Amino acid sequence: MKQVYLKRGKEESLLRFHPWVFSGALHHIDDDIAEGDLVGVLTASGQHIATGHYQQGSIAVRILSFGDTPIDDAFWHHRLSQALQARLAIHLADAPHTDAYRLVHGEGDGLPGLIIDIYGQTAVMQAHSIGMHRQRQLIAQQLVSVMQGRISNVYYKSETTLPFMEPENGFIIGHSQENTATENGLRFYVDWLLGQKTGFFVDQRDNRSLLERYSQGRRVLNMFCYTGGFSFYAMRGGAQLVHSVDSSSKAIELTRRNVELNFPDDPRHEAFCDDAFKFLDRVESQNAYDLIILDPPAFAKHRAALHNALKGYTRLNAKAFEKIAPGGILFTFSCSQVVTKDHFRNAVFTAAAQARRSVRILHQLHQPADHPINIYHPEGEYLKGLVLYVE
């Protein structure tokens, strides 16, 4: 195994079990190390303290093991087994009315750079590091073994996360034409071929359930609807009408299919392919909607974009505050990792002040238990949301 050597004192974060080694912490590396190679991480005094995948960029090593544990078949089997046991412990992997959940959440499950979502009999695997990409076949084989009949197929989807590698999306184990899954008794189509992420946003499952409880008799506007998850939960909750908006025509088509799958020929739903700000500008009445969902894509994917992202969140929420009816409820979210809970709350506070609305916080939302946060890796906390009562 090749080695990388830390500058003096740069082992402190690893001694606190943080799973990343940044490039600035490296003193030097062995010759001929290729991206994706397993490397040992040594202190300036030559002590081996971790093993991980090497990659060029700001994060130079993603740690798989602190110590001397070999990264072999048994390692992958054990880590995947631990991930499954965690989902069984929270009564999700064998839930009676849900067969869609996240099995592996990168650093949160001790597997940095790897995402695995389960949709019925198909696991969708996504690599965010070259090291995980190179191990995809071995991981898939161990995954099928660990799941013991819970899945039959493994679909690999990393074209968007590793575009410079030009990996091919496709089944690496099994094959299936069945692309529907179930969440809390509601069915939806999963576009694991062309859809965003792994095909569906399972991280909003608990928040969609909460929205259902607030939907009775309300006129609902679901902005950035993507596959329409919040929309069909609102309909089951008894919404008076539901309008779904997304700038992507493919997303709107998928939303319509998902609503039709659960509520065929239901006149309460209408979908619009439109820009969010332009759509809100055209809403003439302040009383048109009394429940609005704002779940935009990440406005900031790196720290350099943070300032503009916060301005965007403020502008978007101010528009919603201007349009929502008195006594309305706003579900508003940020999935930008670099936007902290305080950043987001301050942006929404500024928006409320600009709109001159009286606002109360009913709930503070976050990612669900199948998207765990490694306590040594606070950067894993990415989803944050607020449920607001607007007078």
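Arg 150 is partly exposed, because its relative accessibility of 22% lies above the 20% under which a residue counts as buried. In this predicted model, Arg 150 forms a salt bridge with Asp 94, with the closest N and O atoms 3.1 Å apart. The contact joins distant parts of the chain. Asp 94 lies in the loop between α2 and β7, and Arg 150 in the loop between α4 (136-147) and β10 (153-156). The two residues are 56 residues apart.

The structure holds 15 salt bridges. Another of them pairs the side chains of Asp 109 and Arg 87, at 2.7 Å from N to O. This pair also links distant parts of the chain, 22 residues apart. Arg 87 belongs to helix α2 (residues 73-89), while Asp 109 sits in the loop between β7 (100-105) and β8 (114-119). Both Asp 109 and Arg 87 are buried.

Arg 134 and Asp 37 meet through their side chains in a salt bridge of 3.0 Å, N to O. Here 97 residues separate the partners. Arg 134 is in helix α3 (residues 130-134). Asp 37 is in the loop between β3 (26-29) and β4 (38-42). Arg 134 is partly exposed, with a relative accessible area of 43%. Asp 37 is buried, because its 16% falls under the 20% limit. Elsewhere, salt bridges link Arg 205, Asp 206 and Asp 370 in a network.

Aromatic contacts come next. The count comes to 16 aromatic pairs. One of them joins Phe 171 and Trp 192 edge-to-face, with 6.3 Å centre to centre and 85° between the planes. Phe 171 lies in strand β11 (residues 170-173), and Trp 192 in the loop between β13 (186-189) and α5 (205-213). They are 21 residues apart, and the pair links distant parts of the chain. Trp 192 is buried at 7% relative accessibility. Phe 171 is partly exposed at 22%. Ring pairs link both residues with Tyr 119 and Tyr 155 into a cluster.

Charges also sit over rings. The charged end of Arg 236 lies over the ring of Tyr 233, 5.6 Å from its centre. The charged end of Arg 268 lies over the ring of Phe 263, 5.8 Å from its centre.

The surface carries a nonpolar patch formed by Phe 17, Phe 66, Ile 375 and Tyr 376. Together they have about 420 Å² of accessible area. Tyr 376 is placed in the loop between β19 (359-366) and β20 (384-390). Tyr 376 is partly exposed, with a relative accessible area of 42%. That value qualifies for a patch because patch residues need over 30%.

Terms used:
Residues numbered from 1 in each chain as written. Predicted model: local features only at pLDDT ≥ 70, side-chain atom pairs only at ≥ 80, totals over all residues. Heavy atoms only, no water. Patch = residues over 30% accessible without salt bridge, like charges linked within 9 Å, V, L, I, M, F, W, Y side chains within 5 Å. Areas by Shrake-Rupley, 256 points an atom, 1.4 Å probe, with all protein chains shown as cover. Salt bridge = Lys/Arg side-chain N within 4 Å of Asp/Glu carboxyl O. Helix = DSSP H or I, 4+ residues; strand = E, 2+ residues; numbered from the N terminus. Buried < 20%, exposed > 50% of the residue type's maximum accessible area, 1.4 Å probe, protein only. Phe/Tyr/Trp six-rings, centres within 6.5 Å; stacked < 30°, edge-to-face > 60°. Lys NZ or Arg CZ within 6 Å of the ring centre and 35° of its normal.
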